[in-house]
Amino acid sequence: MRASALRWLRGVTLIAAVANVPAFAHGIMLGVGVHFINVPSVQPTLLDLARKIGFDAIRDDAEWKFVETTKGVYRIPPAWDQFVDSARQRGIEPLLILDYGNPLYDRGK
């Protein structure tokens, strides 16, 4: 497993230990920020773990530079569709934030 995935697991474990109460018990949505939208190989394992811990929402960065690689042409990477589908199959609602710069504009800043 990649080092970034292990850091995520440690963070989730800490959050779960602090929360220690299933989100559904209070009728609230419990979410966590993740950073594995572009790493399909770890998605099933980490999504299963997030669900087991009790998260029912996740947030990840969907970087603009991957959507618009040619000016005016927008394409959602297939890995992102897979990420959303995999999360929803587990009862987890994904929130993707289209963010950061794009080298096509203002040197990506």
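**Charged and aromatic side chains in a predicted model**

Just after helix H2, Gly54 has a positive phi of about 120 degrees. I start there, and I should say at once that this is a predicted model.

Let me stay with H2 for a moment. Which residues of H2 are buried? They are Gln43, Leu46, Leu47 and Ala50. These four sit on the same side of H2, because the arc they cover around the axis is only 100 degrees.

H2 also carries one end of a salt bridge. The side chain of Asp48 meets that of Arg90, with 2.5 Å from N to O. Asp48 is in helix H2, residues 43-53, while Arg90 is in the loop between helix H4, residues 78-89, and strand S3, residues 93-99. The two are 42 residues apart, so this pair links distant parts of the chain. As for accessibility, Asp48 is at 42%, so it counts as partly exposed. Arg90 is at 22% and is therefore partly exposed as well.

The count of salt bridges comes to four. I will go through two others. One of them joins Asp61 and Arg59, whose closest N and O atoms are 2.7 Å apart. Asp61 counts as buried because its relative accessibility is 8%. Arg59, at 31%, counts as partly exposed. The other joins Lys65 and Glu63, and here the closest N and O atoms are 3.6 Å apart. Lys65 has a relative accessibility of 35% and so counts as partly exposed. Glu63 is partly exposed too, at 22%.

While we are at Asp61, there is a distance to Gly33 to mention. Gly33 lies in strand S1 and is partly exposed, with a relative accessible area of 41%. The C-alpha atoms of Gly33 and Asp61 are 8.8 Å apart, and 28 residues separate them along the chain.

Now to acidic residues without a salt bridge. Take Asp60, which is in strand S2, residues 57-63. Asp60 is buried and has no salt bridge. Which side chain of opposite charge is nearest to Asp60, and how far away is it? That is Arg59, at 5.6 Å. A salt bridge needs the nitrogen within 4 Å of the carboxyl oxygen, so Arg59 at 5.6 Å does not qualify as a partner for Asp60. What the Asp60 side chain does reach is the backbone nitrogen of Phe36, at 3.0 Å. Not counting residues up to four places away in sequence, Asp60 touches Val34, His35, Phe36 and Ile37, as well as Phe83, Leu95, Leu96 and Ile97.

The next case is Asp99, in strand S3. Asp99 is also buried without a salt bridge, and its nearest side chain of opposite charge is again Arg59, this time 4.1 Å away. With the cut-off at 4 Å, this pair is not counted, because 4.1 Å falls outside it. Leaving aside neighbours within four places in sequence, Asp99 is in contact with Arg59, Asp61, Ala62, Glu63 and Trp64. Two of those names, Arg59 and Asp61, are the partners in the salt bridge I described earlier.

That leaves the aromatic residues. How many aromatic pairs does a search of the whole structure find? It finds two. Phe36 and Phe83 form an edge-to-face pair, 5.7 Å centre to centre, with 75 degrees between the planes. Phe36 is in the loop between strand S1, residues 31-33, and H2, and Phe83 is in helix H4. This pair links distant parts of the chain, 47 residues apart. Both Phe36 and Phe83 are buried. Both also appear on the list of residues that Asp60 touches.

The other aromatic pair is Trp64 with Tyr105, and it is stacked: 5.3 Å centre to centre, with 15 degrees between the planes. Trp64 lies in helix H3, residues 64-67, and Tyr105 in the segment after S3, so the pair ties together parts that are 41 residues apart in sequence. Trp64 counts as partly exposed because its relative accessibility is 27%. Tyr105 is partly exposed, also with a relative accessible area of 27%. And Trp64 is one of the contacts of Asp99.

To recap the two acidic residues: Asp60 is buried with no salt bridge, and Asp99 is buried with no salt bridge. I will stop there.

Terms used:
Residues numbered from 1 in each chain as written. Predicted model: local features only at pLDDT ≥ 70, side-chain atom pairs only at ≥ 80, totals over all residues. Heavy atoms only, no water. Buried < 20%, exposed > 50% of the residue type's maximum accessible area, 1.4 Å probe, protein only. Arc of directions from axis to C-beta. Lys, Arg positive; Asp, Glu negative; His and termini not counted. Polar contact = N/O pair within 3.5 Å; in protein donor to acceptor, adjacent residues only side chain to side chain. Contact = heavy atoms within 4.5 Å. Phe/Tyr/Trp six-rings, centres within 6.5 Å; stacked < 30°, edge-to-face > 60°.
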